[in-house]
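Please follow the account below with the sequence and the model side by side. It proceeds from strand pairing to helix packing, and then to aromatic rings and cysteines.

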Amino acid sequence: MPKGPFSARAKSPWAELNLVTEKCGRDELFESGVKDEAPMKLGADVMSGSVDGLPEVDLVIVGAGLSGVIIAERCATELGLTSLVLDKRDHIGGNVYDTIHPETGIRVSQYGAHLFHTQFDRVWDYVKNYSEWQPFDHRVVGKVADTEGVDQLVPIPPTQETVNKLFGENIKTEAEMQAWYDKVRVPNAEPKNGEEAALSRVGPQLYEKIFKHYTKKQWDKYPAELDASVLMRLPCRTTTDDRYFPCKYQALPYRGYTRIFENILFTGASKDKVTIRLNCDFFAIRDKLPKHKMLVFTGPIDAYYASQGLPKLEYRSIRFEEEVVKEPEDGFFQEAMVVNYPAAGVPFTRIIEYKHTPNQPENVKNGETKGTVIYKEYSSAVGDPYYPVPNPANQQLYEKYRDLATNEKDVAFVGRLASYKYFNMDQAILNALEMYDSLKANGKLDPKRTPMDMQSSGK
């Protein structure tokens, strides 16, 4: 295997589009003497799973992920409100939680790779208060067979390099790439399903090589079984830009994502105004909760209404298969942090090797860690909910749940699971900040915009 780590920065001129150019932001806990790279050890009361004897609070917040902790922090800092934050897991941070792998010392994400990127100035300004950050241009490669059946490592989303390597082309300009797309696309003004949409966007060659079977593995449905809107968003790049995201702010937290949550909850006003209880199943202890004025629920909306007899909403989950590689060649298992496997014959969707990331502990960055750890990801219908399944039946069912939620008094549903929408990290942060704005202005936690609105604006 080639020597690592994979470069943290894209090539010029694409790297210059990232406005994060150097280490920035503030880590108050680090400044106060917290030097350990691992997540902080929390007290027995926090880990107890018990809410017995707790005093009255203004808000009970179910979920210690991005949505829950940001609502708690904003309410504490600006309004002086008290919150009790509950989570059934044994850690804060929700799916963003990362930790130090016990055998290798490598910083890993427990629930899959998270790459911060945003167009929103407000989001970037907010997160810089709770972590130091370093620039990182996330790039993904796929292991894909060319026309001769030889595996090639190519950029995903496809670029000029992808087409040249896979199909023996010699494209050198944007005009030539556009001409290639124009030649291979299957015109369709009104595609009826995801396959027709994909063929109209990228043509049959890229569709078969990269998108068709990967979609089946991800959703357990071929594109022909999905709504056209799902694949109408396929990126069609004509340039050499191999960055996965086009956003103007792209960075990694210097000491990991969990540190962001620790700074939000354990410094400033939150330190005195926010109480945390982990290992705490809301549905098991809801009758024991302290008196409160508002409940903020960030979990799956169908779980909240399980007693109503409605069907469950459909989600896709991820199963992670961990493997420690003790003596990989040149210290790394693969050529990049993320390698996708779009072929039908490979059961997993991708392999993640976190050792490539630049926000590793110093001993890992210095090459003192000889081994590595990889995670193969398998899409699954069972497990923690990750991705809402986008089809008309699920949307209609969600509307029924939303109608129930509208009639709830002093209960707010916040975040991706409660909204049955996939949020990127920055969208989850912005959604929480704007819902707090609503609470501050009119006493209700109401969303300002949809996830689609967030994708089309950077304000």
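In strand β9, V154 is the bridge partner of G142. The model is a predicted one, in which local features need pLDDT of at least 70 and side-chain atom pairs count only at pLDDT 80 or more, while totals for chains, interfaces and linings use all residues. Residues are numbered from 1 along each chain as its sequence is written, and side-chain values use heavy atoms, with hydrogens and water left out.

The pair just named belongs to the antiparallel ladder between β8 (residues 140–145) and β9, which are joined by 6 bridges. Here strands (E, at least two residues) and helices (H or I, at least four) are DSSP runs, numbered from the N terminus, and two strands pair if DSSP finds at least two bridges between them. Along this ladder, V141 stands opposite P155 of β9, and A145 has D151 of β9 as its bridge partner. The hairpin of β8 and β9 has 5 residues between the strands, and within this hairpin G149 takes a positive phi near 85°.

G142 also stands opposite N340 in β14. Strand β14 (residues 338–340) pairs with β8 in the parallel sense, over 2 bridges. These strands are part of an open sheet of 7 strands with mixed pairing, in the order β9-β8-β14-β15-β16-β13-β17. Because β9 (151–156) and β17 (387–388) stand at the edges with a single partner strand each, one side of each is left without a neighbour in the sheet. Helix α5 (residues 160–167) packs on this sheet and touches β8 and β9; contact means heavy atoms within 4.5 Å. The direction of α5 makes about 160° with that of β9, where axes are lines fitted to C-alpha atoms, for helices over the stretch in contact, and angles run from 0 to 180 degrees between N-to-C directions.

A further open sheet has 4 strands in the order β1-β7-β10-β6, with antiparallel pairing. Its edge strands, β1 (24–25) and β6 (116–118), each pair on one side only. Strand β1 is joined to β7 (residues 132–135) by 2 bridges, the two running antiparallel, and G25 stands opposite E132 in β7. Helix α9 packs on the sheet, where it touches β6, β7 and β10 (249–253), and its direction makes about 85° with that of β10.

How many of the 10 residues of helix α9 (residues 257–266) are buried? The count is 9, so the helix is largely enclosed by the rest of the structure. Buried means under 20% relative accessible area, exposed over 50%, and partly exposed in between (1.4 Å probe, protein chains only). The buried residues of α9 are Y257, T258, R259, I260, F261, E262, N263, I264 and L265. After α9 comes G268, which has a positive phi near 60°.

Attention now turns to the aromatic rings. The structure holds 27 aromatic pairs. Rings of Phe, Tyr and Trp (its six-membered ring) pair if their centres lie within 6.5 Å, and planes under 30 degrees apart count as stacked, over 60 as edge-to-face and the rest as tilted. The rings of Y244 and F245 are edge-to-face because their planes lie at 85°, with centres 5.1 Å apart. Of these residues, Y244 is partly exposed at 33% relative accessibility, whereas F245 is buried at 15%. Elsewhere, ring pairs link F282, F283, F297, Y304, Y305, Y401 and F413 into a cluster.

Charged side chains also lie over ring faces, by the criterion that NZ of Lys or CZ of Arg is within 6 Å of the ring centre and within 35 degrees of the ring normal. K35 lies over the face of F30, at 3.7 Å from the ring centre, and R319 lies over the face of Y378, at 4.2 Å from the ring centre.

Finally, the cysteines may be considered. With a disulfide taken as a pair of cysteine sulfur atoms within 2.5 Å, the count comes to 0. Why does C75 form no bond with C280? The sulfur of C280 is the closest cysteine sulfur to that of C75, but at 20 Å it is too far for a bond. Both residues are buried: C75 has a relative accessible area of 0%, and C280 has one of 2%.
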